[in-house]
Amino acid sequence: MKAINIQEVNAYEPPGHFGVVCLKIQGEDTGLTKFWQGLSIFEADGGAEWQYGEGTFGATTEKTYFVIEGELTVENESGEQFVCGKDSSISMLPNEKRKLWNSGNSQARVLVTITAV
């Protein structure tokens, strides 16, 4: 077992993200091999550009986003939008291209879980 306090975690900058602080809470550094988990804190209008289309980095992973606080809108390749508020989640299968943004006026805190590459 490995307990982590949020104060011990360093921020990282994933490609294609803007107006967001990303913290990798658990993962290979703590011995996990099948998935990793992070906390993303999106400012108002923060988000991520189109990502995870077939053949791109990370496309083969499964992903879930659980909204702890605020509101997050996720759009798929066919233009369908999913608005996730507090205590709701969305899952994405491998090769599901998406973009997302904080659609509220305050911070959105999102727990992100992604299978290992």
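**Exercise 1.** In this predicted model, classify Tyr-12 as buried, partly exposed or exposed, then do the same for Trp-36 and describe how the two rings are arranged.

*Solution.*
Step 1. Tyr-12 has a relative accessibility of 31% and therefore counts as partly exposed, since buried means under 20% and exposed over 50%.
Step 2. Trp-36, with a relative accessible area of 16%, is buried.
Step 3. The count of aromatic pairs comes to 1. Tyr-12 and Trp-36 form this pair, with 6.4 Å centre to centre and 75 degrees between the planes. The arrangement is edge-to-face, because planes over 60 degrees apart count as such.
Step 4. The pair links distant parts of the chain: Tyr-12 lies in strand S1 (residues 11-12) and Trp-36 in strand S3 (residues 35-51), 24 residues apart.

**Exercise 2.** Which charged ends sit over the rings of Trp-36 and Tyr-52?

*Solution.*
Step 1. Over the ring of Trp-36 sits the charged end of Lys-24, 4.7 Å from the ring centre.
Step 2. For Tyr-52 the residue is Lys-63, whose charged end is 4.3 Å from the ring centre.

**Exercise 3.** Work out how strand S5 (residues 72-76) is placed in the structure.

*Solution.*
Step 1. Of the 5 residues of S5, 5 are buried, so the strand is largely enclosed by the rest of the structure.
Step 2. Leu-72, Val-74 and Asn-76 point one way, Thr-73 and Glu-75 the other.
Step 3. S5 runs antiparallel to strand S6 (residues 81-84), joined by 4 bridges; Val-74 has Phe-82 as its bridge partner there.
Step 4. S5 and S6 form a hairpin with 4 residues between them, and Gly-79 in the turn has a positive phi of about 90 degrees.
Step 5. S5 is also antiparallel to strand S8 (residues 98-102), with 5 bridges, and Asn-76 stands opposite Arg-98.

Conventions: Residues numbered from 1 in each chain as written. Predicted model: local features only at pLDDT ≥ 70, side-chain atom pairs only at ≥ 80, totals over all residues. Heavy atoms only, no water. Phe/Tyr/Trp six-rings, centres within 6.5 Å; stacked < 30°, edge-to-face > 60°. Helix = DSSP H or I, 4+ residues; strand = E, 2+ residues; numbered from the N terminus. Buried < 20%, exposed > 50% of the residue type's maximum accessible area, 1.4 Å probe, protein only. Lys NZ or Arg CZ within 6 Å of the ring centre and 35° of its normal. Pairing = 2+ DSSP bridges.
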